[in-house]
Amino acid sequence: MAKNFPAGAAPAAEPPSGHRPWGAAEAAELSAGEDTAVDLISLGKQIRHLRKRRGMSLDDLGGAVGTAPSQLSLIENGKREPKLSMLRALARALGVSSDELLGAEPPNRRVALEIELERSQRSEQYAALGLPSIRPSSRIPTEVLEALVGLHREVDRQVNLHAATPEEARRANTELRRRMREKDNYFADIEAEARALLGHVGYASGPLSQHQISDLAAHLRFSLRHVDDLPHSTRSVTDLRNRRIYLTPNKDSSHDPRTVLLQAIASHVLEHRVPQTYLEFLGQRVATNYLAAALLIPEQSAVRFLREAMREKEIAVEDLRDNFAVSYEAAAHRFTNLATQHLGIRTHFQKVHKSGIVFKAYENDDVAFPVDATGAIEGQPVCRYWTSRQVFDVPDKFNAFNQYTDTATGTYWCTARTERGPDGEFSLSIGVPYESARWFRGKETTARSVSRCPEPDCCRNPPRDLAETWAGQVWPTARAASSQFAAMPLGSFPGVDETEVYRFLERHSDR
């Protein structure tokens, strides 16, 4: 069984940043009087190769183009950019066209390695290391060049993997959501792991108790330690050397302490290793959350409960929440795991901030979520006529809000609630196609709306009368979060201060 769902095999590695193929495309065309970007390293290597192939010394070539050999040496070493007239003179002397001089492929593997090594050594990243540069002269064996270039590539790869940009994170989220949709968000291997673990603690039905979770940790040979100095960037710390799981006794946390402990156990059970890509990191997090949910809301008990509600045509997420003593969000997520596989119901889930921005989403029912150019849903504004937005204006916050919404891809029935957390107020909604609404409590609702998004006049553009009154007369200041512009956190475990964690373990290792 593949333990590292849902990251799967790592995608093919992209060429490291800064390593372009021989001859920059932007330098392929020259026009008189224009400053053109030139790949100086590639150009210099090409000039040297062509000069030696014609049996010319620096003195010979300098005499042919009317410049000093020392100046040619600087050009060949990529340290000086030749003028346009010099480029043309060099091309004539070497028997090639200007385009060929700038755009040719490396003549052999050796020259390609020399170019890549020089580029790597001139990067800001390498300069920050304070290490000396190695000139790739003819005396250095090709095997040494291969090793040096390979090391530079791996350093670049590690830096790029652990400093993912927001765009890369969105692409990873998009890929992960695609994999979840392909499996209808149901993963049999993780469900099997959950069943085996529940069997070890004698689980029968109902909520999984704190006592049973402690027994589960003991079965896996972990002891539990509650401390008041847990690193601020963590919810738990697992000491694999001493088989300890450190938790905080803080009861004011917005996270269910059972969930935090089960997530720590899940990472061990699923045999997670330090992630090598941001996609793998996200995949491990989803798998950990999935196993924790499968333990808190066990498959057999939950399916039995949902099928009974389906027979009564009274499925309700809040009933699933109450029966297993979990949060509404956990119950909604778990419903998406089981609905299609066991009930034949296709569905979608949304977690939307009061501002209208999507924080989390999943669908396999063809609902048309808003997406950006990368295909990502997270961070996109939801139509203000959808249930997940309308619920914020409902005065009754105690009961679920139900609504039918006509969209371009069909009519959907949705149920939603609002909850307040550390980041503000959110709506949590589950939706199904119109024909599946008959299985749910709240199907008789008369609330109905029409969404014409992505048409701009649906809700993106302001109403005409308001625009005529205020357009050009207002200048709002946006509440932009700095995280929108920052790279993803560095480190083997993004967002975690590893030094702080290691010092924490040092403090507790002797106790």
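Glutamate E191 sits in helix α10, which spans residues 188-200; helices here are DSSP runs of H or I with at least four residues, strands are runs of E with at least two, and both are numbered from the N terminus. The model is predicted, so local features need pLDDT of at least 70 and side-chain atom pairs count only at pLDDT 80 or more, while totals for chains, interfaces and linings use all residues. Residues are numbered from 1 along each chain as its sequence is written, and side-chain values use heavy atoms, with hydrogens and water left out.

Is E191 buried or exposed? Its relative accessibility is 0%, so E191 counts as buried; buried means under 20% relative accessible area, exposed means over 50%, and partly exposed lies in between, with a 1.4 Å probe and protein chains only. Beyond the neighbours within four places in sequence, E191 is in contact with Y186, Y290, A294, E299, R334 and L338, where contact means heavy atoms within 4.5 Å. One of these partners, Y290, is 99 residues from E191 in sequence, yet their C-alpha atoms are 8.7 Å apart in space.

The loop between α9 (166-182) and α10 holds D184, and N185 is found in that loop too. D184 has a phi near 55°, a positive value in a residue other than glycine, and phi of N185, also positive in a non-glycine residue, is near 60°. D184 counts as buried because its relative accessibility is 18%, and N185 is buried as well, with a relative accessible area of 5%. Another backbone feature is the cis peptide bond from C453 to P454, with omega near 15°. P454 belongs to the loop between β9 (448-450) and α18 (456-459).

For the protein chain as a whole, there are 20 helices and nine strands. Of its 511 residues, 45% are buried. Among contacts between residues at least 6 apart in sequence, 65% join residues at least 24 apart.

Which residues have the most contacts inside the largest nonpolar core? They are L262, L295, I315, F335 and I345, in a core of 68 residues; such a core is a set of buried Ala, Val, Leu, Ile, Met, Phe, Trp, Tyr and Cys residues joined through side-chain atoms within 4.5 Å. Helix α13 (residues 278-296) gives the most to this core, namely eleven residues. Another core lies apart from it, with 18 residues that include M56, A93, V96 and L101.

Rolling a probe the size of a water molecule over the atoms shows where empty space is left. On a 1 Å grid over the protein atoms alone, a cavity is a set of points where a 1.4 Å probe fits but cannot get out, and lining residues have an atom within 4 Å of a point. Four cavities of 30 Å³ or more are counted. The largest holds about 70 Å³, a volume being the space filled by probe spheres set on the points, which are joined across faces, edges and corners. Its lining includes H348, W386, Y412 and S429, and β4 (348-353), α17 (387-390), β6 (401-407) and β7 (410-421) each supply at least two residues. The second largest cavity holds about 50 Å³ and is lined by residues including V391, D396, K397 and R417. The largest share of this second lining, three residues, comes from β7.

Notes
On a 1 Å grid over the protein atoms alone, a cavity is a set of points where a 1.4 Å probe fits but cannot get out, and a pocket is an open set with protein on both sides within 12 Å along at least five of seven lines; lining residues have an atom within 4 Å of a point.
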